[in-house]
Amino acid sequence: MALETHDFQAFRGTEPPRFANRAELECAKILDYYGVPWEYEPRTFVLEAGEDGRVLEAFTPDFYLPEQDLYLEVTVMKQSLVTRKNRKLRKLRARYPEVNAKLFYKRDLERLAERLSVNFEA
Amino acid sequence: MSLGEVYFTAAQIRHRVGELGAEIARDYEGRDLLLVVPLKGSIVFATDLSRCIRIHHALDFLQLESYGRGTGVKLLKDLDADIGGRDVLIVEDVVDTGLTLNYLCKTIRLRAPSSLAIVTLLDRPYRRLVELPVRYVGFTVPDELFVGYGFDLDQRYRNLPDLHVFRRDRGHVSLTDSRAGRRASR
């Protein structure tokens, strides 16, 4: 997917972000607009590992907000359909209780973008 | 006009706003209280609240530019008052992620008020992304779309005395491609 390039001001990472989808880009633009420093996928958390140490399940939240010490996972799915991501968040919290992570819903994006329908497929 | 059900009646809101006003009056007695009101959604709540705060205080207003019209937030209308050394209380209609209010708090803190706190009519603390000095909360509400009592949809319904909830699946309004004021849904 070819996403528009954007000159981010509040990006605090080192490598230029390569967003997986339109929703992530929109989230980054909103964080940037409101002057909230952010990083993109800076850390992968191992959720399950085999006895041999092999990683069986991992989770890489989309954003990290250093000022809030908060990881954000963006989802544009209906809230009733976010079971899988919620399950990952629960596992993350259980295994890394010191880590603060939240889902960032489509409705959050829409509220901050000040419109009721944001087309993330465009 | 087809609206969703009443979530809070005008009487319920009036009662709660009265309680907030009394609490604020107690806390700020003898201090230099300034209510800072972001336009436009907070104005109905702010004017009612102000009349319930039975101590001397001042009101001032500001307006932030809407998202998408520039590369960063700008003040369309700045405060008229000098807030240095004063006790600033931001009057919000609703707080959820807190990103907008966080920007506002940062801006105000640069002007060195004596204190800074927030009163909000509605709160969605479970959606909060940033920590904010929210000291007074009218009601904690679910993740719904509200209109009335200052909350708008395309600049309509602000004048309704009750707070109504719109449910997206009931077809009270066409939400698709509708651009609404941020106060209605923020």
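**Figure 1. Chain A in this predicted model holds 3 helices and 6 strands.** The model is predicted, not experimental. From the N terminus onward, the elements of chain A run α-β-β-β-β-β-α-β-α. The chain has 122 residues, and 49% of them are buried. Take the contacts in chain A between residues at least 6 apart in sequence: 51% of these join residues at least 24 apart. The exposed surface of chain A comes to about 6400 Å². Carbon and sulfur atoms supply 45% of that area.

**Figure 2. A:E41 has a positive phi in a loop of chain A.** The loop links β1 (39-40) to β2 (45-49) of chain A. Phi of A:E41 is near 45°. The residue is not a glycine. A:E41 counts as partly exposed because its relative accessibility is 37%, between the limits of 20% for buried and 50% for exposed.

**Figure 3. The largest nonpolar core has 45 residues.** Five of its residues touch the most other members: A:Y34, A:W38, A:F63, B:I90 and B:L99. Helix α1 (residues 22-33) of chain A gives this core its largest share, 7 residues. Another core lies apart from it, with 30 residues. Members of that other core include B:F8, B:L35, B:V37 and B:L89.

**Figure 4. Close-up of B:I90 and its contacts beyond four places in sequence.** Within chain B, these partners include B:V36 and B:P38. B:L101, B:L104, B:C105 and B:I108 also touch B:I90. The list is completed by B:L116, B:A117, B:I118 and B:V119. B:I90 is also one of the residues that touch the most other members of the 45-residue core.

**Figure 5. Helix α3 of chain B is mostly covered.** The helix spans residues 99-109, and 8 of its 11 residues are buried. The buried set opens with B:L99, B:T100, B:L101 and B:N102. B:L104, B:C105, B:T107 and B:I108 complete it. Of these, B:L101, B:L104, B:C105 and B:I108 are among the contacts of B:I90. In an α-helix, residues three or four places apart point the same way, because there are 3.6 residues a turn.

**Figure 6. Three strands of chain B form an open antiparallel sheet.** The order is β1-β9-β8. Strands β1 (6-8) and β8 (145-147) are the edges, each pairing on one side only. Neighbouring strands are turned by 45° against each other on average, direction ignored. Strand β9 covers residues 163-166 and is joined to β8 by 3 bridges. One partner pair across these two strands is B:L145 with B:F166. Strands of a sheet pair through backbone hydrogen bonds.

**Figure 7. B:Y157 sits in the loop between β8 and β9 of chain B.** Phi of B:Y157 is about 80°, a positive value, although the residue is not a glycine. B:Y157 counts as buried because its relative accessible area is 9%, under the limit of 20%. The strands on either side of this loop, β8 and β9, run antiparallel.

**Figure 8. A cis peptide bond joins B:L39 to B:K40.** Omega of this bond is near 5°. B:K40 belongs to the loop between β2 (33-38) and α2 (43-52) of chain B.

Key
Residues numbered from 1 in each chain as written. Chains lettered and ligands numbered in written order. Predicted model: local features only at pLDDT ≥ 70, side-chain atom pairs only at ≥ 80, totals over all residues. Heavy atoms only, no water. Pairing = 2+ DSSP bridges. Helix = DSSP H or I, 4+ residues; strand = E, 2+ residues; numbered from the N terminus. Axes fitted to C-alpha atoms, helices over the stretch in contact; angles between N-to-C directions. Buried < 20%, exposed > 50% of the residue type's maximum accessible area, 1.4 Å probe, protein only. Contact = heavy atoms within 4.5 Å. Areas by Shrake-Rupley, 256 points an atom, 1.4 Å probe, with all protein chains shown as cover. Core = buried A, V, L, I, M, F, W, Y, C linked by side-chain atoms within 4.5 Å.
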